[in-house]
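User: I'm new to this one and would like to learn how to read it. Can we go through it feature by feature?

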Amino acid sequence: MMAVCLKVVRVLSPFLFVWFVGGSDSIMKYFPVPDYHMHTPRCNHAVGDVRAYAQAAIKCGLTEIGMSDHSPMPNGFDAAWRMGLAELPSYLQEIERIRDEMEADLTVRVGLEADFHPGTEAAVQTMMDAYAWDYVIGSVHFIDDWGFDNPDEIHRWDAMNVEDAYVAYFDLVARSAATGMFDIIGHPDLIKKFGQRAPVGSQRVDQAESEMLDAVKEAGMALEISSAGLRKPVKEIYPHERIVAKAAKRQIPFAFGSDAHAPEEVGYAMEACLDMLCRYGVQEIASFEKRQRIMKPIRALA
Ligand SMILES: [Zn+2]
Ligand SMILES: [Zn+2]
């Protein structure tokens, strides 16, 4: 995994950051925005404690992050890839401790990435009601019993009609929005992770995307713009530029997430994500405190 955000040095003024990217330096055109998607080892597929993520964020020049590890789910759902309910108190305590310790240098939000999987809503809602989260990301990682983004289940793509899989995925995301349970839609076209593509110009997929975005708009949620796809076989930001354009037209707010599973991924490719938003006239980014959304300007540096 290549660390992109290695080091930030302030030069000339506190408003100009020099980012060293993979050895060649470039100038970051924006003030850093909050990175709201990062994990801890409790999910069994991430490394680094909360302090390490916070220190990495400070090193990158970020001023706000949020932890959002994979939430406990009922009935053993996808248990190998997430924290158990018994780990939730230590997750909260660790974030709160680092939040208080680093208060002067970094705002640390307490979040969660919950799965939307039909039939689990009541249990997830109960867990969400038990703590004053700053935000909850709602993500779809499963179509029925198929963990379509799980490398162990990639072979199941062979038996799938790709267009059907895309439509089923966007339908589930639309349903997740319609529950009104979540604040942010996580990686909104994760279905493309391994590079399977719906037929170009598919009317069905276009319609499913639009209906998903209408549901997000109706629910008053934010859409995540995630740099994680750049690190996956698809090598693209989530969501696709076409979806960013449609969302911008509907004035759906965006929140940024690197989906860091290691401290060196914090802030990953933030500039590329902000560039994409700016191409579609998006001028603000979402931040959250106690589940209230506060929009902040994406300020391009002169
Ligand atoms: Zn994960
Ligand atoms: Zn996810």
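Analyst: Sure, let's take the sheet, the helices, the core and a hairpin in turn. Keep in mind that this is a predicted model.

User: Let's start with the sheet. In what order do its strands sit?

Analyst: There are 6 strands in an open sheet, and the order is 4-5-6-7-8-9, with parallel pairing. Strand 4 (64-70) and strand 9 (254-257) each have a single partner strand, so they stand at the edges and one side of each is left without a neighbour in the sheet. A handy general idea for reading any strand: in a regular one, side chains alternate between the two faces of the sheet.

User: How many bridges join strand 4 to strand 5?

Analyst: Strand 5 (residues 107-115) runs parallel to strand 4, and 7 bridges join them. To find your place there, look for glycine 66, which stands opposite arginine 109 in strand 5.

User: Now a helix. How do I read one?

Analyst: The general idea is that an α-helix has 3.6 residues a turn, so residues three or four places apart point the same way. Now try helix 4 (residues 162-178): its 17 residues should span 24 Å at 1.5 Å a residue, and the end C-alpha atoms are indeed 24 Å apart, so the two agree.

User: Which residues of helix 4 are buried?

Analyst: The buried ones include Ala165, Tyr166, Tyr169, Phe170, Val173 and Ala177. What do they pack against? The buried residues of helix 4 meet strand 6 (135-139), strand 7 (184-185) and helix 5 (203-219). Just after helix 4, have a look at glycine 180, which takes a positive phi of about 70 degrees.

User: What about the core?

Analyst: In general, nonpolar side chains of soluble globular proteins tend to be buried together. Here the largest nonpolar core has 77 residues, and Tyr53, Tyr166, Val173, Ile184 and Val216 touch the most other members. Helix 4 gives this core its largest share, 9 residues. If you zoom in on valine 173, you'll find that it touches Val140, Ile185, Pro188 and Met212, leaving aside residues up to four places away in sequence.

User: At what angle do helix 1 and helix 2 pack?

Analyst: Helix 1 (residues 50-59) and helix 2 (residues 88-101) pack at about 35 degrees, and their axes are 9 Å apart. Val50, Arg51 and Ala54 of helix 1 make the contact with Glu94, Ile95 and Ile98 of helix 2. The crossing of helix 1 and helix 2 is right-handed.

User: Is methionine 270 buried or exposed?

Analyst: Methionine 270 has 26 C-beta neighbours inside 10 Å, so it counts as buried. You'll find methionine 270 in helix 7 (residues 270-279). Proline 32 is 238 residues from methionine 270 in sequence, yet their C-alpha atoms are 7.7 Å apart in space. Among the residues methionine 270 touches are Pro32, Val33 and Phe256.

User: And the hairpin? How do its strands pair?

Analyst: Strand 10 (residues 284-289) and strand 11 are antiparallel, with 6 bridges between them. Glutamate 284 stands opposite proline 297, and isoleucine 285 opposite lysine 296. The hairpin has 2 residues between its strands, and lysine 290 there takes a positive phi near 45 degrees.

User: Why does strand 11 lie largely in the open?

Analyst: Strand 11 (residues 292-297) has 6 residues and the number buried is 0, so it lies largely in the open.

Methods: Residues numbered from 1 in each chain as written. Chains lettered and ligands numbered in written order. Predicted model: local features only at pLDDT ≥ 70, side-chain atom pairs only at ≥ 80, totals over all residues. Helix = DSSP H or I, 4+ residues; strand = E, 2+ residues; numbered from the N terminus. Expected span 1.5 Å × (residues − 1). Buried ≥ 20, exposed ≤ 12 C-beta atoms within 10 Å, placed from the backbone. Contact = placed C-beta atoms within 7 Å. Pairing = 2+ DSSP bridges. Core = buried A, V, L, I, M, F, W, Y, C linked by C-beta atoms within 7 Å. Axes fitted to C-alpha atoms, helices over the stretch in contact; angles between N-to-C directions. Left-handed = near helix turned anticlockwise from the far one by under 90°.
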